[in-house]
Amino acid sequence: MTPTDPSGTAPVRILLCDDHAVVRAGLLALLGSAPGIEVVGEAGGGEEAVALAARLRPDVVLMDLQLGPGMDGIEATRRIVADATAVAEAGADAGKRAHGPYVLVLTTYDTDADITRAIEAGATGYLLKAERPEELFSAIRAAAEGRTALSPPVAGRVMARMRGAGRPALTERERDILGQLARGLSNREIARALFISEATVKTHLGRIYDKLGVDTRAGAVAVAKEQRLLS
């Protein structure tokens, strides 16, 4: 029996999508203990998830990214979100309030490429499987309301990319100087290493600070590491 929400509201209806049966079984047991959350279906692949999402209309689809042969989690997310949008627009045309399922990615992968692709596909949230159960429950409830839910490491990467968006790219020479700066070299040592004048180093450093939005050497190195500007 599904635990009821203490507030008396209807439970959040979940569709699980993961190609590992053992993982699905573990999630079923975990979510079965959470008040106000009900698992209404499970899928072992992308195609099945898309079909079940259309038929069951859950509030949230808990989606893995790597699903073995066939449709991956990114494409499944894209199709589920597109279908949900179509249903919502049809409901609006008919004077009804409707929304399809939201997709909450639950994966072990946290690369920039995976995060970007999932968000671009329409995922409402991106959670790592290493998160505590309470964080998963909270993310599910947030996703059910259409609110963004991100694991802290993922949120940090997204913010770093946002801070770097729109800034002028560093030139090759600026990258060279930034690399020497990260090694702890002084302006004079950098000038000697790159065969340029110390005044030129200072000029380039000023431009680097402006582009990275910092005003100290340590700040420049920290942002460079965060945004992976150092080779």
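# Exercises on a predicted model

Arginine 57 is partly exposed, with a relative accessible area of 25%. The structure you are looking at is a predicted model, and the exercises below walk you through it piece by piece.

## Exercise 1: Two unusual backbone angles

Task: Find where arginine 57 sits, and state what its phi angle is.

Solution. Start with the location: arginine 57 belongs to the loop that links helix 2 with strand 3. Next, look at the backbone. Most residues other than glycine have a negative phi. Arginine 57 is not a glycine, yet its phi is positive, at about 50°. Finally, recall the accessibility: a value of 25% falls between the 20% and 50% cut-offs, so arginine 57 counts as partly exposed.

Task: Now try phenylalanine 195. Is it buried or exposed?

Solution. Phenylalanine 195 is found in the loop between helix 8 (187-194) and helix 9. Its phi is also given as positive, about 60°, although it is not a glycine. The relative accessibility is 76%, and exposed means over 50%, so phenylalanine 195 is exposed.

## Exercise 2: Reading the sheet

Task: In what order do the strands of the open sheet lie, and which strands are at the edges?

Solution. The open sheet is formed by six strands, and their order is 2-1-3-4-5-6. The pairing is parallel. At the edges are strand 2 (37-43) and strand 6 (149-150), each of which pairs on one side only.

Task: Follow strand 4 to its partners. How many bridges join it to strand 3, and how many to strand 5?

Solution. Take one side first: strand 3 and strand 4 run parallel and are joined by four bridges. On this side, methionine 63 stands opposite valine 105 of strand 4. Then turn to strand 5 (residues 125-128), which runs parallel to strand 4 and is joined to it by four bridges. Here valine 105 has tyrosine 126 as its bridge partner in strand 5, while threonine 107 is partnered by leucine 128. To finish, check burial: five of the six residues of strand 4 are buried, so this strand is largely enclosed by the rest of the structure.

## Exercise 3: Helices across the sheet

Task: Which strands does helix 2 lie across, and which does helix 5 lie across?

Solution. Helix 2 (residues 46-56) crosses strand 1, strand 2 and strand 3, and runs at about 135° to strand 2. Helix 5 lies across strand 1, strand 2, strand 3, strand 4, strand 5 and strand 6, and its angle to strand 4 is about 155°.

## Exercise 4: The largest nonpolar core

Task: Which elements build the largest nonpolar core, and which one gives the largest share?

Solution. Begin with the core itself: it has 20 residues, and those with the most contacts inside it are Ile14, Leu31, Leu62, Leu104, Leu136 and Ile140. Two or more residues each come from strand 1 (12-17), helix 1 (21-31), strand 3 (60-63), strand 4 (102-107) and helix 5 (133-144). Helix 5 supplies the largest share of this core, with seven residues. Another core, of 19 residues, lies apart from it; Leu185, Ile190, Ala191 and Val214 are among its members.

Task: Zoom in on leucine 62. Which residues does it contact beyond its neighbours within four places in sequence?

Solution. The list is Ile14, Leu15, Leu16, Cys17, Leu31, Leu104, Leu106, Leu136 and Ile140.

## Exercise 5: A buried arginine

Task: Is arginine 24 buried or exposed, and what does it touch?

Solution. Arginine 24 is in helix 1. Its relative accessible area is 14%, and buried means under 20%, so arginine 24 is buried. Leaving out residues up to four places away in sequence, arginine 24 touches Leu16, Asp18, Asp19, Glu42, Ala43 and Gly44.

## Exercise 6: Helix 7 and its partners

Task: How is helix 7 oriented to helix 10, and how to helix 9?

Solution. Helix 7 (residues 172-182) packs against helix 10 (residues 217-226) at about 105°, with axes 10 Å apart. Angles of 65 to 115 degrees count as roughly perpendicular, so that is how these two helices stand to each other. Leu178, Leu181 and Ala182 of helix 7 meet Arg217, Ala220, Val221 and Ala224 of helix 10. This contact has six nonpolar, no polar and one charged residues.

Helix 7 and helix 9 (residues 198-212) pack at about 95°, with axes 10 Å apart, which makes them roughly perpendicular. Their contact has seven nonpolar, one polar and four charged residues.

Key:
Residues numbered from 1 in each chain as written. Predicted model: local features only at pLDDT ≥ 70, side-chain atom pairs only at ≥ 80, totals over all residues. Heavy atoms only, no water. Axes fitted to C-alpha atoms, helices over the stretch in contact; angles between N-to-C directions. Parallel < 35°, antiparallel > 145°, perpendicular 65-115°, else oblique. Contact = heavy atoms within 4.5 Å. Nonpolar A, V, L, I, M, F, W, Y, C, P; charged D, E, K, R; others polar. Core = buried A, V, L, I, M, F, W, Y, C linked by side-chain atoms within 4.5 Å. Buried < 20%, exposed > 50% of the residue type's maximum accessible area, 1.4 Å probe, protein only. Pairing = 2+ DSSP bridges.
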